[in-house]
Every structure is written in C-alpha cells, then in structure tokens.
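I opened my notebook with the sequence beside the model, meaning to look up how the side chains pack and what the cysteines do. My entries follow in the order in which I looked.

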Amino acid sequence: GICNIKHSSAELSGPQSLCKECRRSLVMAQCAFCQIDFFLTNDCNKSKPACKKCSDYFNKFGDPKTCDWCRNPSAFKGSKCFQCKSQEEKYGKPSRCEGCKNTAYFDKGIEARKKVDNKCLCLLCTLKYKKELHRSGKFKRSSAEIVGGEKSRKTRHGADASSSANRHSRTKQIPADNSVQCDLCGHGGLDKADNTMEAIVLTTQLKEEIAQLKRQLDTRDRSLIEKGKQFNELRTEKWEVEKDMKKRLQDQQLEYEKRLEHMENIIRETKAQNGKLSKMLKANSRKSVSTVSASNLLMDTAADSS
C-alpha cells in the first residue's frame, strides 16, 4: 500500500495495490480519460485526475483523441484507447452496448454475461451495473467465487493472526486522536472512514450524472454535425438547381431572340414582296383599261363608217 507498511498480497487489492486502511482513508475519483474509478492520492492532479496508466500515456503521447468505440477521450495512440485495443486482441471486434449504446461491448462468453443479468454491457457499464447491485445489496456471487473466497480466507487466517499482532504493536504508537497518517498521501485514517464513504457515494453519483450529460452532449454534437452535413448538401443542391435554371433561362432567351429576329426578317421580306406585287397589279390593271378603251374606240369607228 501507499502507507509504506508491508502487507501480504492477499491484503492488497485493486490496480494500485492498496491495503484496507489506505482504501478507507482515500477518496475515490474518476479518471478524466478512461472514466474508470481509482483512489485519488496526493501526487494526482486534482483538477484533472488521471489513473496511473493514463497519466503515463499522457506524459508520453500528450492529449488524447476520442476513442472510435467507447467514445472516451483516452485514445492516446491511434484511434482506439488501450482498453479497447486490449479487449479486441482477446475477444475480437466489439458490438453495440445495451447501456451506453456505444460500439464497445466485447463478447467474453456466457459466464461473463451471467454476472450482469445476461446483458451485453461494455466495461464501464459493467462496473456501473455491479456498483448498483452492491449498493442495493442484490449482488450475488457464484458458487465458485464463494468457495474460492472461503479458501483464500482460510489461507489468510494464519497471516492475519501474525499481522494482527504487528498491527496491535503499531497501534500503541498511534497518537491520542486515533488517526493514522499515511506517509505518502497525507490523509487521515480510521476517524475519517464514515465521511470518506459518504464522499465516495456523492462523488460516484456526480460522476454518473456527469457521464450521462457527456453522453447526451456527444449525442447532440453528433446530431448537430449530421444536420450540418445535410444543410450543406441541401445548400449545394439548391445552388446547382439555381445554376441550371439560370442557364436554361439564358438559353431560352437567346432562342427567343433568334426566332424573333427570324420572324421580323420574314415579315420584312413579305412586305417587300407584297409591295412589288401591288405595283405589278396596278400596272397590269392600267394596261388592261387602256386596251379595252382602244378596242371600244375601234369598234365605234367601224360602226360609223358602215
């Protein structure tokens, strides 16, 4: 543990290898990157807490991207986070999670699904589901886990007997305020256990609400992006339609002007031909009148002579 006291491996738990006293004295926080709970120590950044693995990746690769599958901001290298990469290598491609609706569920077999009421849940939703079961007192361990726990308790009994004597000798050196100081984290011990449990419950509820709000924001962002794409497509389509209509109107205007000019030319030519024809008709009518009058005159002259 972080208290610099030697413990047997059976007394330590979690990825941080903490003893029971240290777990009680520390506040649990949610990693800002992978969203997994861990115990917050003094060396962690309080404004942006990160677990040891994410902290190491952040120092090595810098700011992460959003994972393509679990949608957590923990893809330090590539487009997928280390959790999804590791599970993909073990269980293959993921499918849709029934809890968060992200493509982050890896099929670990029937036994794993039985622990979460035969639901297809991703890692974060599985941890959340088990936490709710523990909180409501409905969590049931399998018979194999119970037998294994009994065996481990029996094997730890001897170690606990010897360690209890050592702890008894150490408690004689504890000050009168009945608090145990952790050498690294600086938090109090047994006198803060109740307050720590309340703080853990409150922080867990707040983290769940924050995670839900983040998912809602991600969904809204994706919806806005999709609507923006549709708007751009409609605007492009409208521009193309307007461009095509303008071209058609220009072509029709040119065609109309050409036809109008052609009709005006035909009208002018027809008028010219009509003028020529009318002149010819007038000339012919005059000739015919003069011819008739001359013939009548001849006929009158012939009649007189006879």
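I looked up the largest nonpolar core (buried Ala, Val, Leu, Ile, Met, Phe, Trp, Tyr and Cys residues joined through side-chain atoms within 4.5 Å), and of its 16 residues, C67, C70, C84, C97, L121, C122 and C125 touch the most other members. Buried here means under 20% relative accessible area, exposed over 50%, and partly exposed in between, with a 1.4 Å probe and protein chains only. The largest share of this core, three residues, is supplied by helix α5, residues 123-136; helices are DSSP runs of H or I with at least four residues, numbered from the N terminus.

I noted that this is a predicted model, in which local features need pLDDT of at least 70 and side-chain atom pairs count only at pLDDT 80 or more, while totals for chains, interfaces and linings use all residues. Residues are numbered from 1 along each chain as its sequence is written, and side-chain values use heavy atoms, with hydrogens and water left out.

Next I turned to C84, which, leaving aside its neighbours within four places in sequence, is in contact (heavy atoms within 4.5 Å) with C67, W69, C70 and F106. I also found a second, separate core of 11 residues, which includes L40, A50, C54 and F76.

In α5 I listed the buried residues as C125, T126, Y129 and L133. Seen down the helix axis, they fall within an arc of 105° (taken from the directions from the axis to the C-beta atoms), so they line one face of α5.

Finally, I searched for disulfides (pairs of cysteine sulfur atoms within 2.5 Å) and found zero. C31 is in none, and the nearest cysteine sulfur, that of C34, is 3.6 Å away.

Notes. Helices (H or I, at least four residues) and strands (E, at least two) are DSSP runs, numbered from the N terminus.
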